[in-house]
Amino acid sequence: MRKMTPPMKMLGIVLLLALPAPIFIVFGASFNGTGYIQFPPVSWSLRWYAEAFTDPRWGRAVLTSLWIAAVVATLITAISFLAAYFTLRYAPKISGWLELAIFSPLFFPHASMGVAAVALMAGMGIVGTPWAIILAHLMVTIPFSYRPIHVALKSVDPDLIRAAEVMGASELRALWDIILPICRSGILTSLLFTGIISFDEVTVTMFLIGPDITTLPVQIFTFIQDDASPVLAAISTLSVVITFVAILLLERVAGLSFFVQRQSS
Amino acid sequence: MNTGEKPTLAKGLMLLPALIVLGLFFSSVIMLFSNAFVDRGGFSLRYFEQIFSRPDYHVVFYRTVITSIIVALLAVLLAYPIALLLWRSEKHRNMLLIVVLVPWLVSLVVRTYGWIILLGPKGFVNAFLGWVGVIDTPLKLMFNDTGIIIGLTHVLIPFAVISILASLLSIEENLEEASRVLGAGRWQTFRTIVLPLSLPGVFTSLIVIYLACVGAIVTPLLLGGITEKFVGSQIYQEVMATFNMSKAAAWSICLLSLSFLSLVILKIIERRALRGQE
Amino acid sequence: MIRPTPIRDAAVGTIDIENVSKSYGDSEVLSEVSLSIPAGSFLTLLGPSGCGKTTLLRLIAGFISPTRGAIRIDGRDMTQVPTQKRPIGMVFQNLALFPHFSVAENIAYGLKLRGISASEIETRVGSFIQLVGLDGLGERRIAQLSGGQKQRVALARSLVLEPAILLLDEPLSALDLQLRKQLQFALKDIQRHLRTTFVFVTHDQEEATMISDRIVVMSNGNVQQVGTPQEIYADPQNLFVAKFIGEVNELPGRVRSAGQHLAVETGAGTFQLPVGVARGLTPTAGNSVTICLRPEKIAILDTGVPPASGMVTAEARVLDTLVIGPLTRITLEAQGTRMISVQMTDALGPLRQGAMVRIGFPADAARVFAPLTADLASAFGEHA
């Protein structure tokens, strides 16, 4: 019974392969020698990559997206860890309320969230600065960070903490020596997962950019609207590669089982 | 890991950063409301009245909802065989999972761009058909509802795969064998055991995909163009082109209310369908 | 086995528990417990689940604070002393070994926290690995160990810090019988050698009698009796203790008269007992009481020979006999009351099933108790 009927299996395989298909199309288009997408391709070239690398706007956008992703992932992982650690260890009674609040952004349509974010950031006078983007990304990523950390912390046996304390460890030592290493994969999942989300976020971010700052996906979006030069294909390929590497890293250091765990709340 | 100790106030500070982030989120919602009910410096319901009275706006909401429902159903339908495939292939599951995760996590813009290359007037499909000689003038595959539906469905299938797979993986292994031993056929086992137990994943997908669709901006804007408006693309235009924050906020609130209403309805349907489970 | 030299003379490691109560909301899990634990002793807190034994252990460890009362270690009040600063070690029920550390790293952890030099740590860890019999397993991961080996790591990890007191919370409960016996002896051996005060929690009376110097029988948040295993077995102070430790024949009855002698009427007959066998009550005529008899005290008497003086006798029917090596277990029935007698197989004549025999027991071997209160009876699944 552990087998599927051949037609069902074929269907599954075809559909599965259709998922990354548009990405491969972008990939192929990026090596197209002519100025517009043509079939069959007339010539192959790396000219769009050369163009992408010489245009300083792209380099800047890539770097901006990378550093914002790094800052957001680090901050939100630390924030979620502190909150989850405190609630699980000292105040399990408020755990349900906190989760409700943390997961509520998930039920917000992104368009509304974008307008709400721009309304707030405009009120604070920071639209068009990295701060606006970072703060908005913190709001967007907090559920995705809290979940894996909460799951990991919840599985820590309280007797391990007590054992460390009986042996003379202060709370901080026990946290550092025992709890953090045990929660390693949850923390790494949070770091990489939120990093990827921040790096690729566009719907909320596009409301918050300004003349001085834009992120890679938002810039791709703007360029698609203006003119669809194949340089976009080269740049998109680059962004896919970065995301892909991050996912492989995640698989290596923490495994992917988190994504397919049945979530219990 | 609760050790039964009483927290001190100083330790309570650990909660503060998270509360700040949540505080920002809730203040942004408050700001949204305070923008929506203001026009030229005073309280006004102008933009809400506008939404309720203009038939062309009704069409936009109507299109958004109908398209979202179609996309949610289509995505779940197409995701199910993929989830089954991953569930069955224990050995290669991790590799196959990456094939699902990468399209899920790669930026929306990039995935939509792929569809533009495919479906555009000078795109891959038209170029191919022209080269073969099937068509003389390019087919209109984009800038219409079809384009939006194709794009959104494709963008959201990976999530449905993951959440249905999670449900499938939580089915106890011997349940199926038990059913077979008791004499149920392959199809009957699927229908009476596997499908009902995977319903929680199906409903999670429907809800999340529906919500993602009604709030989508990028895909409808790029594949639907300016004429086939979505609520999201309308909102985008109000903020970015006409700089009318009040109108955008009013639209956002209507979108928000619509989502909550839909969420409630979907939850009721879910509860009914899952009655007896858990 | 190479052993570290004994660490101390048995002067440190005294625990005084003074009127300690612990409540959670309205429910009191410990009420007014007072107990003195001498340094260097092996003391067991014994009782059914929910009796408060683990709570008492956690109070000593400092994981929780008493609602009322005080705990002193070597005369020092521990109320304000956090767990980290108490002179204790602990072996947890689930062992709580650090899964990401090796065996040696687990044992070394506490020493590292104390800032001891690496070479010193290596020496000490090595000698304790030997003490608990884990030679050569220092580099193993915890997941690669068997249940018994894990137990030994948990023990070594605590003992290497040379605590004056070691708290053990049912550490053997997850092991199979054979291994359990083996580790019970090992524990006893190590304790005698190191002269550390061991406070051991268990619900298994056999285990408690086997390894302890002293047993504290607890129930419903109260101490029922404190004493050596022999004392508690031979002279239980109430019906709960009698029933909880070892096997016992219960003869429920009513006091007929109480004067120079105690006459108790039971289903098996009316027995004349010395007044001194009553425990925890002053018997008066009309009292409901229970006579308790250990199975080995009930003898099968030779017919024709008059019973020795001080023997109380009755007629009984043999229902069943079961030879368990040197001992034989005889199920008897005396006018509807079932009794068990355990005798040396060698000393026993042939017994036919269904035969009527004369049984007897020394009058001063019996104990007379008041019936169990409802809350104590629930520990045995009975309804009073």
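How many salt bridges does a search of the whole structure find over all chains? The search finds 28. The structure is a predicted model, and this report describes chain A, the meeting of the chains, one residue of chain A and several of the salt bridges.

## Architecture of chain A

Chain A is built from 12 helices and 0 strands. Its pattern along the sequence is accordingly a run of helices, written α-α-α-α-α-α-α-α-α-α-α-α. The C-alpha trace of this chain spans about 75 × 60 × 35 Å along its principal axes.

Of the 265 residues in chain A, 60% are buried. Among the contacts in chain A with a separation of 6 or more, 74% are accounted for by residues 24 or more positions apart. The chain exposes about 10,500 Å², and carbon and sulfur atoms supply 71% of that area. Chain A carries 15 positive and 14 negative charges, and the mean positions of the two sets are 11 Å apart.

## How the chains meet

There are 2 pairs of chains that touch, and the pair with the most contacts is that of chains A and B. Chain B and chain C, by comparison, are joined by no contact. The closest C-alpha atoms of chains B and C lie 7 Å apart.

## A residue in contact with two chains

T203(A) is placed in a loop of chain A, between helix 10 (184-200) and helix 11 (216-226). This residue counts as buried because its relative accessibility is 6%, which is under the 20% limit for that class.

What is T203(A) in contact with, leaving aside its neighbours within four places in sequence? In chain A, the partners are H110(A) and A111(A). In chain B, they are L108(B), G215(B), I217(B) and V218(B).

## Salt bridges in chains A and B

One of the salt bridges joins D177(A) to R173(A), with the closest N and O atoms 2.9 Å apart. Both residues belong to helix 9 (residues 171-182) of chain A, where they are 4 residues apart, about one turn of the helix. Is each partner buried or partly exposed? D177(A) counts as buried, at 13% relative accessibility, whereas R173(A) is partly exposed, with a relative accessible area of 38%.

In chain B, the side chains of K247(B) and E238(B) meet in a salt bridge with an N to O distance of 3.1 Å. Both of these residues are buried. A network of salt bridges also links R89(A), E165(A) and E171(A) of chain A with K11(B) of chain B.

## Chain C: a salt bridge and an annotated span

In chain C, K53(C) forms a salt bridge with E170(C), and the closest N and O atoms are 3.7 Å apart. K53(C) lies in helix 1 (residues 53-61), while E170(C) lies in the loop between strand 7 (165-169) and helix 5 (177-194), so the pair ties together parts of chain C that are 117 residues apart in sequence. Both K53(C) and E170(C) are buried.

Residues 15-245 of chain C are covered by the UniProt annotation "domain: ABC transporter", which comes from an unreviewed entry. This span is 36% helix and 26% strand. The C-alpha atoms at the two ends of the span lie 25 Å apart.

Note on methods: Residues numbered from 1 in each chain as written. Chains lettered and ligands numbered in written order. Predicted model: local features only at pLDDT ≥ 70, side-chain atom pairs only at ≥ 80, totals over all residues. Heavy atoms only, no water. Buried < 20%, exposed > 50% of the residue type's maximum accessible area, 1.4 Å probe, protein only. Contact = heavy atoms within 4.5 Å. Salt bridge = Lys/Arg side-chain N within 4 Å of Asp/Glu carboxyl O. UniProt positions renumbered as here; feature names shortened; annotations may be inferred. Areas by Shrake-Rupley, 256 points an atom, 1.4 Å probe, with all protein chains shown as cover. Lys, Arg positive; Asp, Glu negative; His and termini not counted. Charge placed at Lys NZ, Arg CZ, Asp CG, Glu CD.
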